[in-house]
Amino acid sequence: MTKQNAQKKILVVKVGTATITHASGQPNLDLLERLARTLHDVKHNGYRVVLVSSGAIGIGRSFMDMGKPKDLPMKQALAAIGQVRLMSLYNKLFGEYGHKVAQVLLTKDELTENGRRENALNTFKTLLDMDVIPIVNENDTVATDEIEMGGTFGDNDALSAMVAVLLDAEMLVMLSDVDGLFDQNPKENVAARLIPEVCGIDDRIRSLSQDTDNDRGRGGMRTKVEAACLCNDAGIPAVITNGSEPRSIQSILEGERIGTLFIPEA
């Protein structure tokens, strides 16, 4: 890595399918544009950025005007169709701000097997040295065991944490369709209160998270909390916040408390 780039911090941002698409499955172009603009500003404030983005299967379904696929080959086919459109959108939107992007498709093996993990790390380092924004997704087209189980990475939550740990990132920010972790399910109880800070993820914290497996995404709060735990174990803070306003990423980096901040224990 060059001396200049070695001095820059790495920020990993994860966006889920429900964040970047409308209920119809169509890409939310307004949100994607604001996300690109925000990450443009983040880069110019001294960070190197890695974006972990779900959405390939959902966008593929929308493009083919199909319902939720049941069989594995159809899911893989839609992932292949949707990934092309997803990367085309990112390429266009980031290109408008003068940034180059690269597609990085990963399976669990690339991040857990020593030799392949080293290869993945070298690829990320080279892309970042070239001032390219890596855009990461689970390789649903070939990862048959992962996609059949609903996604080993839980709509890329665990994947984003594993990438953050691999790169020794400054922070992981997970953009969700909720404001953060609540003391009760906010979709069932209007009196639920946001938990602004968690220092130490224990059984009580885990009991507050719930799974999700709907038409627009896999995973849910449980996988996000476990992703935060993986980061915290490596000394990396993580934030879960609402992705409807990507500008909050800047505020979070400036120290403002937005969403739920998971702090590594001393």
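Let us start at Arg-247, which is partly exposed at 33% relative accessibility. This is a predicted model, and Arg-247 is a good place to enter it. The side chain of Arg-247 meets that of Asp-41 in a salt bridge, with 2.6 Å from N to O. The two residues come from distant parts of the chain, 206 residues apart: Asp-41 belongs to helix α3 (residues 29-44), while Arg-247 sits in the loop between β7 (238-242) and α12 (248-253). Asp-41 is itself partly exposed, with a relative accessible area of 23%.

Stay with helix α3 for a moment, and look at Lys-43. Which residue does Lys-43 pair with in a salt bridge? The partner is Asp-131, and the closest N and O atoms are 2.8 Å apart. Because Lys-43 lies in helix α3 and Asp-131 in the loop between α7 (114-129) and β4 (132-138), this pair ties together parts that are 88 residues apart in sequence. The two ends have their own surroundings: Lys-43 counts as buried at 10% relative accessibility, whereas Asp-131 counts as partly exposed at 42%.

Asp-131 deserves a second look for its backbone. Its phi is near 60 degrees, a positive value in a residue other than glycine. So here in the loop between α7 and β4, one residue has both a positive phi and a salt bridge to Lys-43. Asp-168 also has a positive phi, of about 50 degrees, although it is not a glycine. Its place is the loop between α9 (157-166) and β5 (171-176), and at 61% relative accessibility Asp-168 counts as exposed.

Let us turn back to the charged pairs. How many salt bridges does a search of the whole structure find? The search finds 15. Side chains of opposite charge can pair when their charged atoms come close. One of these pairs joins Glu-110 to Arg-116, with the closest N and O atoms 2.4 Å apart. Glu-110 is buried, with a relative accessible area of 16%, while Arg-116 counts as partly exposed at 34% relative accessibility. This pair has company, for Asp-109, Glu-110, Glu-113 and Arg-116 are linked in a network of salt bridges.

Next come the patches on the surface, beginning with charge. Asp-202, Asp-203, Asp-233 and Glu-265 gather there in a patch of negative charge. Asp-233 is found in helix α11, which covers residues 221-233. With a relative accessible area of 67%, Asp-233 is exposed.

A second patch has another character. Phe-63, Met-64, Met-66 and Met-74 form a nonpolar patch on the surface, and together they have about 340 Å² of accessible area. If you would like to find this patch in the structure, look for Met-74 in helix α5 (residues 72-95). Met-74 is partly exposed, with a relative accessible area of 30%.

Now for the cysteines. A disulfide is a covalent bond between the sulfur atoms of two cysteines. How many disulfides does the model hold? The count comes to zero, and Cys-229 and Cys-231 show how a pair can miss the rule. The sulfur of Cys-229 has its closest cysteine sulfur in Cys-231, but the distance is 9.5 Å, which is too far for a bond; a disulfide would need the two sulfur atoms within 2.5 Å. Seen from the other side, Cys-231 is in no disulfide either, its nearest cysteine sulfur being that of Cys-229. Are these residues buried or exposed? Cys-229 is buried, with a relative accessible area of 13%, and Cys-231 is buried with 0%.

One last stop is Leu-194, in the loop between β5 and β6 (197-199). At 35% relative accessibility, Leu-194 counts as partly exposed. Where the chain comes back towards this residue, you can look for Leu-181: the C-alpha atoms of Leu-194 and Leu-181 are separated by 5.9 Å, with the two residues 13 apart along the chain.

Methods
Residues numbered from 1 in each chain as written. Predicted model: local features only at pLDDT ≥ 70, side-chain atom pairs only at ≥ 80, totals over all residues. Heavy atoms only, no water. Patch = residues over 30% accessible without salt bridge, like charges linked within 9 Å, V, L, I, M, F, W, Y side chains within 5 Å. Areas by Shrake-Rupley, 256 points an atom, 1.4 Å probe, with all protein chains shown as cover. Salt bridge = Lys/Arg side-chain N within 4 Å of Asp/Glu carboxyl O. Lys, Arg positive; Asp, Glu negative; His and termini not counted. Charge placed at Lys NZ, Arg CZ, Asp CG, Glu CD. Helix = DSSP H or I, 4+ residues; strand = E, 2+ residues; numbered from the N terminus. Buried < 20%, exposed > 50% of the residue type's maximum accessible area, 1.4 Å probe, protein only.
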